[in-house]
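The following questions and answers examine how structural terms are assigned. Each answer sets a computed value against the definition of the term.

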Amino acid sequence: TMKRGVDSSPSSSSKARRRRADTLDAPLVEALRASPRPFLPASEAASSDTATERVVEAVRVASSNPALECFGVDGTGVLLGVAAAQALGALRVRALVFPLELSLSAPAQEAFIRQLGRNRCLRSITLSSTNLDAAADGPDERWSPRGSAFVEQLQALRRETGLPELEVLGDEAFAEGVDNEGG
């Protein structure tokens, strides 16, 4: 709506918007809008671009949720791109939870750390299986923050920014059935 005349026709852009929104079904959109702890289930999307777009859209919807405290994502089977990493890292939420898998492309990993390092709202992040420290051949199945280069970079950036360090929890948080209410 801001950039008039850029799009070939107004109908094509509204169709594209509708198609994007369709990847999130109505009950999910409702949860993203109103639940304090919405959870984005795994995407059917085969492509990284489509999955990335879906995460960005979910974060956009959730960002207007006044009750939002914790945001969860199942990123199983897909490599998320920069836009998804930036959106997740910047979301104004106390806790980010990835109980299954979070895999980010290399540029997305950098963007994720940058955003998390500046996020004033965020207090904790919990990751079960992630490639944030692993080689490109796939996620570390039972990820732990101990000795993690990702965690070191992240906490250093938060110290630099003058923000409190994040509580970073790994796979064991889920194994023990810990509910990360925090508070």
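Q: Why is Ser-124 classed as buried or exposed, whichever applies?
A: Ser-124 is buried, because its relative accessible area is 8% and buried means under 20% (exposed is over 50%, partly exposed in between, with a 1.4 Å probe and protein chains only). This is a predicted model, in which local features need pLDDT of at least 70 and side-chain atom pairs count only at pLDDT 80 or more, whereas totals for chains, interfaces and linings use all residues. Residues are numbered from 1 along each chain as its sequence is written, and side-chain values use heavy atoms, with hydrogens and water left out.

Q: What is in contact with Ser-124, leaving aside its neighbours within four places in sequence?
A: Contact means heavy atoms within 4.5 Å. With those neighbours left aside, Ser-124 is in contact with Arg-94, Ala-95, Leu-96, Leu-166 and Glu-167. Ser-124 lies in strand E6, residues 124–127; strands are DSSP runs of E with at least two residues, helices are runs of H or I with at least four, and both are numbered from the N terminus.

Q: What makes both faces of E6 count as covered?
A: On one side Ser-124 and Thr-126 are buried, and on the other Ile-125 and Leu-127 are buried. In a regular strand the side chains alternate between the two faces of the sheet. Strand E2 (residues 70–73) is likewise covered on both faces, with Cys-70 and Gly-72 buried on one side and Phe-71 and Val-73 on the other.

Q: How do you know that E4 and E6 pair?
A: Two strands pair if DSSP finds at least two bridges between them. E4 and E6 have four bridges, in the parallel sense, so the criterion is met. Ala-95 has Ser-124 as its bridge partner in E6, and Ser-124 in turn has Glu-167 as its bridge partner in E7. E6 and E7 run parallel and are joined by three bridges.

Q: What makes E1 and E7 edge strands?
A: The open sheet has five strands in the order E1-E2-E4-E6-E7, with parallel pairing. E1 and E7 (167–169) each pair on one side only. E1 (residues 39–40) is joined to E2 by two bridges, with Phe-39 opposite Gly-72. E2 pairs with E4 (residues 95–98) over three bridges; here Gly-72 stands opposite Val-97 and Cys-70 opposite Ala-95.

Q: Why are H3 and H4 called roughly parallel?
A: Their axes come within 8 Å and cross at roughly 25 degrees. That makes H3 roughly parallel to H4, because angles under 35 degrees count as roughly parallel (over 145 is roughly antiparallel, 65 to 115 roughly perpendicular, the rest oblique). Axes are lines fitted to C-alpha atoms, for helices over the stretch in contact, and angles run from 0 to 180 degrees between N-to-C directions. The contact is made by Thr-52, Val-55, Val-56 and Val-59 of H3 and by Ala-83, Ala-84, Ala-87 and Leu-88 of H4.

Q: Which residues of H4 are buried, and what covers them?
A: Ala-84, Ala-85, Ala-87, Leu-88 and Gly-89 are buried. Their cover includes H3, E2, E3 (79–80), E4, E5 (103–104) and H5 (106–118).

Q: Why is Ala-149 called partly exposed?
A: Ala-149, found in helix H6 (residues 149–161), has a relative accessibility of 42% and therefore counts as partly exposed.
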